[in-house]
Structures are given as structure tokens and as C-alpha cells.
Amino acid sequence: MERLRSLWKAIKRFWKNRHINQILLLLLLVLFLLSILFFAFMASQANVSSLKEGLSQSTVIYDKNEETATAITTNRTEGIEIDEVPDHVPNAIIAIEDERFYKHNGFDIKGMARAFFNNLFAGRITGGGSTITQQLTKNALLSSTQTYKRKVEELFLAVEIEKHYSKNEILQMYVNQVYFGSGAWGINQASKKYFNKNIENISISEAALLAGLLKAPSALDPYNNYKAAMERRNLVLNNMNEMGMISDSEYKNAKIEKIELKDGGGSTIKRDFPYYVDAVLDEAINKYGLSQDEILTRGYRIYTELDQNIQASLEDVYKQDRLFPRDKGGAMVQSGAVLLDPSTGGVRGLVGGRGDAVFRGFNRATHIKAQPGSTMKPLAAYTPALEEGYEIDSILKDEPIVVGSYKPENFSKTFGGDVPMYKALEHSLNVPAVWLLNEIGLEKGLDALNRFGISVDEEDKYLGIALGGMHKGISPLELAEAYSAFPNQGKRNDSHFITKIVGPTGNIITEHKGKTTKVTSKAVANDITSMLLNVVETGTGKEASISGVQLAGKTGSTQLPYSDIDGTKDQWFVGYTPNLVGSIWLGYDQTDREHYLSGKSSDDVVPIFKKVMEKSLQYTEPAEFEVNSVNAMLAGEQQKQETRKAIKEKAEEIEGIVKEESKKWPIMLEQAKQDFEKVSRLIKDKVQEFVEN
């Protein structure tokens with residue numbers, strides 16, 4: 001114990017002699033100063049001088065060439081001029097949101113202190129303490145995440161904004177872009193939404209109600225919670241009265257005024273290429289953490305992988321009702337389609353349905369989960385089999401098979417015995433695919449699906465996965481991404497819409513960082529392509545064949561749950577050229593005995609796919625695969641065999657002629673010998689006669 005006391009005294013003496021307390025305090029002060037300098041520097045780099053212009057603009061979508069494709073316009077951009085509205089409108093906002101607005105330089109020490117202690121007692125960030133300038137900063141430049149770092153950024157940026165704009169300009173920007181609930185952005189649209197009036201015509205009481213909504217637009221929505229909205233309005237009126245903004249009589253009259261709600265429409269949203277734009281918004285929200293309000297109110301510039309020509313062509317096909325099966329029972333046959341670039345994963349075009357498109361409604365290209373049918377065979381069975389050493393002409397068994405309680409059947413209800421792999425795929429035979437998956441092992445197929453980016457549930461882990469038997473299913477986008485590995489040498493790039501998002505001050509909010517997954521070898525990918533070229537040339541997808549175009553593809557369909565009805569529930573076709581992959585789903589949103597597809601995939605979805613590709617391929621660079629179809633390879637081998645046979649026959653013919661002629665050669669040689677002797681004697685006689693004379 002005495003030793004410990006001595007050690008403790010030594011430590012205290014060292015601590016005191018070395019001035020450790022002062023050093024630590026100095027370090028903390030230096031760290032604090034550096035933090036202040038850092039945030040001040042970052043704030044100074046923000047181009048806040050362009051904020052006003054950016055907030056008055058719509059969010060713009062750019063295509064793959066960084067050319068404007070469309071703007072997401074809302075009539076919130078028709079903002080007010082703060083000098084042209086009655087004083088009680090801005091006063092109501094100031095009274096409830098920032099009493100000292102005209103006195104501070106961007107932040108309010110008293111308000112911050114009050115909020116700090118509230119947060120301290122709550123044990124978390126609960127908000128509060130923000131000035132109107134800070135709220136504008138948060139709404140226009142920062143994320144909505146409640147963190148101390150964001151609060152510090154908010155403070156310094158607010159100071160920068162105060163340097164560049166007058167108080168009235170700041171207030172004007174704020175009221176024109178803030179959300180008032182019920183789909184109304186900006187105070188003028190809120191006035192129309194709740195009172196069917198322009199903002200310059202609203203009363204003191206109505207202005208107070210609008211100002212009161214800012215705290216919690218959804219919870220205080222007067223259409224849903226009139227009582228709470230009125231209580232909040234009364235608080236605003238009380239603050240206005242205490243601050244001398246309204247007289248006692250005005251306060252009394254405003255408080256007893258009965259607010260009559262009248263929906264005048266509020267904000268509207270317009271955009272071209274609606275399904276593609278909605279998919280872009282989904283990605284911005286779900287992948288990059290932005291909110292819909294941010295996107296619609298901040299004047300972002302969103303750069304995408306869109307090809308406007310391909311998108312317009314795709315939409316044109318979907319407007320041609322004659323290409324689609326007839327509606328049944330008053331319901332429209334629906335569809336979703338995706339076209340993407342396999343080399344990048346960038347989505348070039350997308351349509352999520354037929355008929356009118358609801359803003360961010362159900363998108364059948366990205367949201368739907370449907371069983372993919374036989375389109376799964378190349379992914380779950382044939383690719384892993386080729387990896388295990390099978391060849392495209394390996395013999396598979398097409399005969400009755402029962403594994404546990406599972407008994408697959410071919411569409412024809414017949415069996416063909418032994419069949420080469422390429423023929424089984426070409427004619428979409430079910431039994432050989434299941435037999436093959438059973439031979440190589442279910443785990444091999446599931447592993448391949450994982451590499452292709454296809455998620456499976458526990459219920460999906462059985463041999464029926466080879467035929468697309470899934471509990472939930474997949475979307476056309478997921479299927480297109482999976483098949484993109486085949487034309488891309490066995491590598492799959494994550495499908496995506498957005499390349500980057502730029503904020504209203506020119507700051508880059510986020511950028512796409514591509515991810516490439518090695519799915520299989522180039523050799524296996526080429527073998528699959530050879531077999532899928534056969535499918536389009538002479539198999540179930542031959543109605544998709546386009547003259548002069550190498551197109552590989554696969555059909556798919558799912559059975560109806562009714563054994564007494566002949567038809568299909570879902571139809572699929574997925575196909576690709578070297579530089580464009582397309583995937584289409586066809587069916588009803590709700591399948592029942594009245595609503596189903598009476599035809600086959602080859603009759604319905606395949607011709608639609610052909611039309612889509614015919615229109616789209618004119619906007620892509622012509623290209624050819626490194627391999628030919630199995631048909632072409634077999635034809636080439638046959639041609640070689642015929643050539644070898646012809647050469648052999650010609651050689652035998654020449655050999656026969658030579659043999660026949662060779663029989664005459666001794667006689668001819670003897671005759672030549674005699675002729676030579678005659679000529680020799682004649683010459684000899686002539687020479688002797690010449691000498692004698």
C-alpha cells in the first residue's frame with residue numbers, strides 16, 4: 001500500500017511539474033480553433049451566391065451525354081416576392097420560427113443555448129434553436145440527418161448566406177421552398193392548397209395557420225387534424241401580438257375567425273419520361289439518402305445513363321395497344337421493360353407500365369417481383385454445369401424424374417430421352433434442366449444465382465429454382481442485369497440510373513461508384529451466348545429474330561394456378577446483342593380466372609421484344625459476338641465435312657484417270673523409242689552423205 005501511495009505522489013508531482021493540465025487545455029483549444037477554421041473554410045468554399053438562382057430552378061435530369069432530358073417542374077417555382085405580400089404574412093413566419101430574425105447574423109446564441117440544454121436533458125438531438133437562415137441552409141444545402149456535425153456546418157453556412165443576401169431575400173427564399181404539408185411546397189401553393197387563395201389575399205388568421213404548419217406539416221395538417229392546427233395558429237397569433245406585429249383588436253378578431261378549408265390544388269409535378277425519372281428518384285432516395293422534398297425543392301442537377309432516343313422508342317412501342325394482348329374483364333394487360341448497357345450497367349431506357357403514369361407510382365420494371373420462369377435456366381443450371389465441365393453438346397436426360405416430392409414436367413407433357421444441352425435450351429425443355437441441376441448439385445446453382453445478383457429465399461432452395469420457381473420472384477431490371485454478364489465476357493456491372501447529383505450551388509452531392517462482379521469465365525459466357533443465339537434462330541424465341549442482327553435470348557413463362565384453364569400467368573423475354581440487354585415482363589397486376597394470358601410467350605411477349613429492339617438498335621453501334629450460334633457452328637462443321645468429301649472424291653477420280661492412262665504408257669514409250677531410233681538413223685545418214693560429198 002505504501003508503494004502505491006509513493007507511486008501516486010510521483011505521478012502527481014510529474015503531472016504538476018510538467019504542466020500537463022495546461023498542455024491538455026492548450027491542445028483542446030487548438031483543436032477547437034482548428035475545427036472552427038475548418039468549418040469556416042468549408043463554408044467559404046460553398047458557392048452560396050448562386051443559392052437564390054438555384055432554388056428558383058427546377059431539378060433537371062440529364063442524359064448520358066450530359067444533355068438536358070427533362071425538368072421535374074412543380075408550380076412551387078412560381079414563388080412570391082416578399083415585398084408584394086401583406087406584412088402579416090412574413091410576420092407570422094418570423095413570430096413563430098425566429099423572433100430575432102432581423103437582429104442576428106445567421107444564428108441566435110440565446111436560441112442555441114436553449115436548444116443545447118433541451119438536447120442535453122433529452123440525451124439526443126431533438127432540434128430547435130435554428131434561425132430561419134439556418135433552416136434555409138439545412139433545407140437547401142444539407143441533409144436532414146440530426147447530428148452535431150451537421151449543426152456546426154449549418155451554423156457556418158448560415159453566416160455565409162447572411163453575408164451574401166439581405167434579410168428579405170433570405171426570408172423570400174425560405175417561404176418559397178419550405179414544405180407546408182399536403183403536397184404543397186412554398187407559401188403561395190400552400191395558400192391555394194388550404195384556402196384556394198393567392199397569398200396576397202389571405203387574412204391574418206390564415207397566415208398564422210400556415211406559419212404554424214412549419215413545425216410539423218403532416219401532424220398539423222388541418223385536413224387531418226383541424227384542432228391541432230387551430231391550437232398552433234393561436235400560438236402564432238399570440239406571439240405576433242406580444243411582438244407588436246398585430247394590435248389587440250386584430251389579435252382578438254383573428255383568434256375567433258373560423259378558418260374554412262378549400263382545396264385549390266396545391267403543387268403539381270410534371271416531367272417527361274415519367275417511369276425513368278421516377279426510377280431515378282427512387283435511386284436517389286433509396287441509395288443516396290436524399291428525400292423527395294429535397295429533390296423537388298432544391299434545384300438539383302441529376303446526371304443519368306439515359307439514352308433519350310432509346311427511351312422515346314421504348315415509350316412509343318408501349319403506346320401501340322395493338323402489339324399487346326387484348327384486355328380482359330376491364331383490366332389492362334400490364335408490362336415492364338428495361339434496356340441497359342452491359343459494359344457499364346447503365347440503364348438506357350425503361351418503361352414501368354401501360355396507361356397513365358402516377359408520380360412515383362408502381363413501376364413494373366423495378367418494383368414488381370414475379371416468377372421468372374425458364375429465363376432462370378441459363379443462370380441456375382446451364383452456367384454452373386458448363387463450369388463443372390459439361391459441354392454445349394453434352395447429352396442430358398429427358399425422362400421422368402422424381403426428387404422427393406418434386407416431379408418436373410415438360411410443357412408438352414412428353415419426354416424425348418437423350419438430348420444435347422443446346423437442344424434442351426433451344427426448345428426450353430424443363431426436365432433436362434432439372435436433371436442437370438440435380439447432377440451438379442443444387443448448391444452449385446444457388447451459388448451461380450448469387451453471382452448473377454439474384455437473391456433467393458429459403459423457400460427457393462429446391463430443384464425447381466432451375467425453372468424459375470421462386471417464392472417472390474425478380475424484376476425486369478434484375479433479370480437484365482443478370483444476363484448482362486453474358487455479352488460482357490462473364491462480368492456483371494451493377495445496374496444504375498444516376499452517375500452524379502449536383503446541388504444548387506454547384507457542389508457534387510454524390511457520384512456513382514461502379515462495382516463489377518466476376519460471374520463466370522469468358523468461355524462459359526460465350527458458350528451460353530452460342531446456345532441462346534440458337535433460341536432466337538430456331539427455338540422458342542424465333543419470333544424475335546431480326547434480319548442482320550445477332551440476337552441471343554430466352555423465353556420464360558409461369559403456369560396458372562388453375563389446372564382447368566389453359567394459359568400463362570407471367571410471360572418473359574430477355575435478350576441481348578453485344579452492347580444492349582433487354583428484359584420484358586408481361587401479365588396482369590392481379591391474376592385470377594378472369595385475368596390471365598391465354599397465349600404463349602412466343603405469341604405475346606416475344607414479338608413485343610422484337611419491336612423494342614428493332615427501334616432501339618438503330619441508336620447503338622453495330623457489333624458482333626466473338627462466337628456464332630450452335631447452328632452456325634454445326635453448319636460450318638458440316639460444310640467442312642462436305643468439302644473434305646468432295647476433295648477426296650475428286651482425288652479418287654484423278655487417281656482413276658491416272659491409273660487408266662498409265663496402262664497406255666509402255667506402248668507409248670515403245671513407240672516413242674522406235675520413233676527416236678528412226679530419227680537418229682535419218683540424221684546419221686544425212687550427216688554421212690554430207691561428209692562424203
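Ring pairs link F452, Y483, F486, Y576 and F625 into a cluster in this predicted model, and the count of aromatic pairs comes to 13. One of these pairs is formed by Y276 and F497, whose rings meet edge-to-face, with 5.3 Å from centre to centre and 80° between the planes. The pair links distant parts of the chain, 221 residues apart, since Y276 belongs to helix α13 (residues 274-286) while F497 lies in the loop between β9 (491-493) and β10 (498-502). Are these two partners buried or exposed? Y276 has a relative accessibility of 0% and therefore counts as buried, and F497 is buried as well, with a relative accessible area of 4%.

Rings also take part in another kind of arrangement, in which the charged end of a lysine sits over the ring of a tyrosine; two such cases are listed here.

| Charged residue | Ring | Distance to ring centre |
|---|---|---|
| K328 | Y596 | 3.8 Å |
| K500 | Y303 | 4.8 Å |

One residue of the cluster, Y576, falls within strand β14 (residues 568-577), and this strand belongs to an open sheet of five strands with antiparallel pairing, in the order β6-β5-β15-β14-β13. The edge strands, each of which pairs on one side only, are β6 (347-351) and β13 (552-559). Averaged over the sheet, and with direction ignored, neighbouring strands are turned by 10° against each other.

Within this sheet, β14 is mostly covered, with nine of its 10 residues buried. On one side, eight bridges join β13 to β14 in an antiparallel arrangement, and here Q559 stands opposite T568 of β14. On the other side, eight bridges join β14 to β15 (residues 580-587), and these two strands also run antiparallel. Two positions illustrate the register between β14 and β15: D570 stands opposite G587 of β15, and G575 has G582 of β15 as its bridge partner. The connection from β14 to β15 is a hairpin made through two residues. Helix α21 (residues 522-538) lies across β13 and β14, and the helix runs at about 70° to β13.

A further antiparallel pairing is that of β7 with β8 (residues 417-420), where the two strands are joined by four bridges. In a regular strand the side chains alternate between the two faces of the sheet. Strand β7 (residues 395-398) has a covered face with L396 and D398, and an uncovered face with I395 and K397. K397, on the uncovered face, stands opposite D418 in β8.

Among the helices, α8 (residues 167-177) is mostly covered, for nine of its 11 residues are buried. Which residues of α8 are buried? They are K167, I170, L171, Q172, M173, Y174, V175, N176 and Q177, a list that includes the lysine K167 together with residues such as I170, L171 and V175.

Finally, H512 is found in the loop between β11 (508-511) and β12 (516-518). The side chain of H512 makes a polar contact with the side chain of H496, at 3.4 Å. When neighbours within four places in sequence are left aside, H512 is in contact with K287, Y288, H496, I498 and T499. Of these contact partners, I498 and T499 fall within strand β10 (498-502), whose preceding loop, between β9 and β10, holds F497 of the aromatic pair with Y276.

Note on methods. Residues are numbered from 1 along each chain as its sequence is written. Side-chain values use heavy atoms; hydrogens and water are left out. A polar contact is a pair of N or O atoms within 3.5 Å; within protein, one must be able to donate a hydrogen and the other to accept it, and residues adjacent in sequence count only if both atoms are side-chain atoms. Contact means heavy atoms within 4.5 Å. Two strands pair if DSSP finds at least two bridges between them. Axes are lines fitted to C-alpha atoms, for helices over the stretch in contact, and angles run from 0 to 180 degrees between N-to-C directions. Buried means under 20% relative accessible area, exposed over 50%, partly exposed in between (1.4 Å probe, protein chains only). Rings of Phe, Tyr and Trp (its six-membered ring) pair if their centres lie within 6.5 Å; planes under 30 degrees apart count as stacked, over 60 as edge-to-face and the rest as tilted. A charge sits over a ring if NZ of Lys or CZ of Arg is within 6 Å of the ring centre and within 35 degrees of the ring normal.
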